[in-house]
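Let's take a relaxed walk through this protein model. Have the sequence and the 3D view open as you read.

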Amino acid sequence: MVDTRHVPSSKLASQERKDADSISAPRTLIVHEAVRIEGEEELRRPTSSLMWSALAAGLSMGFSMVGDGLLRAGLPDEPWRPLISSFGYSFGFLIVILGRQQLFTENTLTVILPLLYERSWVGLRDVVRLWAIVFMANILGTLIFAFAVESTGVFSPEAKEQFLQLGVHAAEPSPTATFAKAIFAGWIIALLVWLLPLAGSAKPFVIIGLTYLVALGQLSHIIAGSVEVAYAAFAGAVDWSEYAIGFLLPTLLGNVVGGVGLVALLAHAQVKEEDD
């Protein structure tokens, strides 16, 4: 134990402040900068790297449908079944986020912070470029995954019936209701990205907890939901126009509003006066 009897009080107070700073949570500015720097790195990535990473993410997100559907198939049809099966929805997000694959809804926060910081036409062009590449590759991946699962016998008929029910249910709400659900889903996923820099070894639990909330609330996520509704469309239970106009478009708009409007803008507003 250090003897502090002969240490000047001013030095002792300074040391106490340093000790307090070392154990206190980082300021919002530090979190903002961590996410912003990650966004700048993503914006500098070559087109081919973004495309292949986003395609991998679209394919990987299919395991959200598979995880949810397999748990549903193995559980009795009781009111409490979604409380357990919704954990399966987290599988795709765990693969994508921990595997550092490009997911469109993550980029409603990460690449927007550099744009809000710089506010230039070049920055806007770079964001639009990344969004277009990642979104199209994500959707292509979901279509490939949904087709592969629907047209093969990899999974049991009982599991495929649950996949179908998930897709039909995701396509049921009106475009207005889907848009509203998508705002909340985009909000939660962007908050997930905001929390990860501080999560450390708890990252898997943060991912599971927040994506479980999306599933349990039956909120609309553009990539995870695309797998489900596309599966139902390939099976003939949902029209492709319903997939594109009734689900894809309002979900895309809602996720962007939730991620950009409710997280990115507010996150930047908290620190814009102290970024020096």
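## Charged pairs

Start with R81 and D77, whose side chains come together in a salt bridge, with 3.4 Å from N to O. Keep in mind that this is a predicted model. Which partner is buried and which is exposed? R81 is the buried one, because its relative accessible area of 8% falls under the 20% cut-off. D77 counts as exposed, because its 65% is over 50%.

How many salt bridges does the structure hold? There are four. Why do such pairs form at all? Side chains of opposite charge can pair when their charged atoms come close. Another of these bridges joins R125 and D126, at 3.1 Å from N to O. R125 has a relative accessibility of 53%, so it counts as exposed.

## Following E42

Now find helix α2, which covers residues 28-43 and includes E42. E42 makes a salt bridge with R45, and their closest N and O atoms are 3.5 Å apart. E42 is buried, because its relative accessible area is 11%, under the 20% limit. R45, at 26%, is partly exposed, because that value lies between 20% and 50%.

What else does E42 touch, once you leave aside its neighbours within four places in sequence? The list is L50, R100, Q102, V111 and L130. Take L130 from that list: E42 and L130 sit 88 residues apart in sequence, yet their C-alpha atoms are 8.2 Å apart in space.

## Two helices crossing

Next, look at helix α3 (residues 47-60) and helix α9 (residues 121-151). How do they meet? Their axes come within 7 Å and cross at roughly 35°, and the crossing is right-handed.

If you want to click through the contact, the α3 residues include L50, M51, A54 and L55. On the α9 side, the residues include L130, I133, V134 and A137. What kinds of residues make up this contact? They divide into 13 nonpolar, five polar and one charged. You've already met two of these names: L50 and L130 are also among the contacts of E42.

## The nonpolar core

How many residues does the largest nonpolar core have? It has 67, and those with the most contacts inside it are M65, F93, F104, W131, F163 and I222. Helix α9 supplies the largest share of this core, with 11 residues.

Zoom in on F104, one of those well-connected residues. Setting aside its neighbours within four places in sequence, F104 is in contact with W131, V134, F135, N138, I222, I223, L252 and V256. Two of these partners, W131 and I222, are also named among the core residues with the most contacts.

## Two unusual backbone angles

Last stop: the backbone. Most residues other than glycine have a negative phi. R100 goes the other way, with a positive phi of about 60° although it is not a glycine. Where is R100 found? Look in the loop between α6 (90-98) and α7 (107-110). R100 counts as exposed, because its relative accessibility of 53% is over 50%. R100 is also one of the residues in contact with E42.

Q218 is another case, with a positive phi near 55° in a residue other than glycine. Q218 sits in the loop between α12 (203-216) and α13 (222-234). Is Q218 partly exposed or exposed? Its relative accessibility is 44%, which means partly exposed, as this is between 20% and 50%.

Key. Residues are numbered from 1 along each chain as its sequence is written. This is a predicted model: local features need pLDDT of at least 70, side-chain atom pairs count only at pLDDT 80 or more; totals for chains, interfaces and linings use all residues. Side-chain values use heavy atoms; hydrogens and water are left out. Buried means under 20% relative accessible area, exposed over 50%, partly exposed in between (1.4 Å probe, protein chains only). Axes are lines fitted to C-alpha atoms, for helices over the stretch in contact, and angles run from 0 to 180 degrees between N-to-C directions. Helices (H or I, at least four residues) and strands (E, at least two) are DSSP runs, numbered from the N terminus. A crossing is left-handed if the near helix is turned anticlockwise from the far one by less than a right angle, and right-handed if clockwise. Contact means heavy atoms within 4.5 Å. Ala, Val, Leu, Ile, Met, Phe, Trp, Tyr, Cys and Pro count as nonpolar, Asp, Glu, Lys and Arg as charged, and the others, Gly among them, as polar. A nonpolar core is a set of buried Ala, Val, Leu, Ile, Met, Phe, Trp, Tyr and Cys residues joined through side-chain atoms within 4.5 Å.
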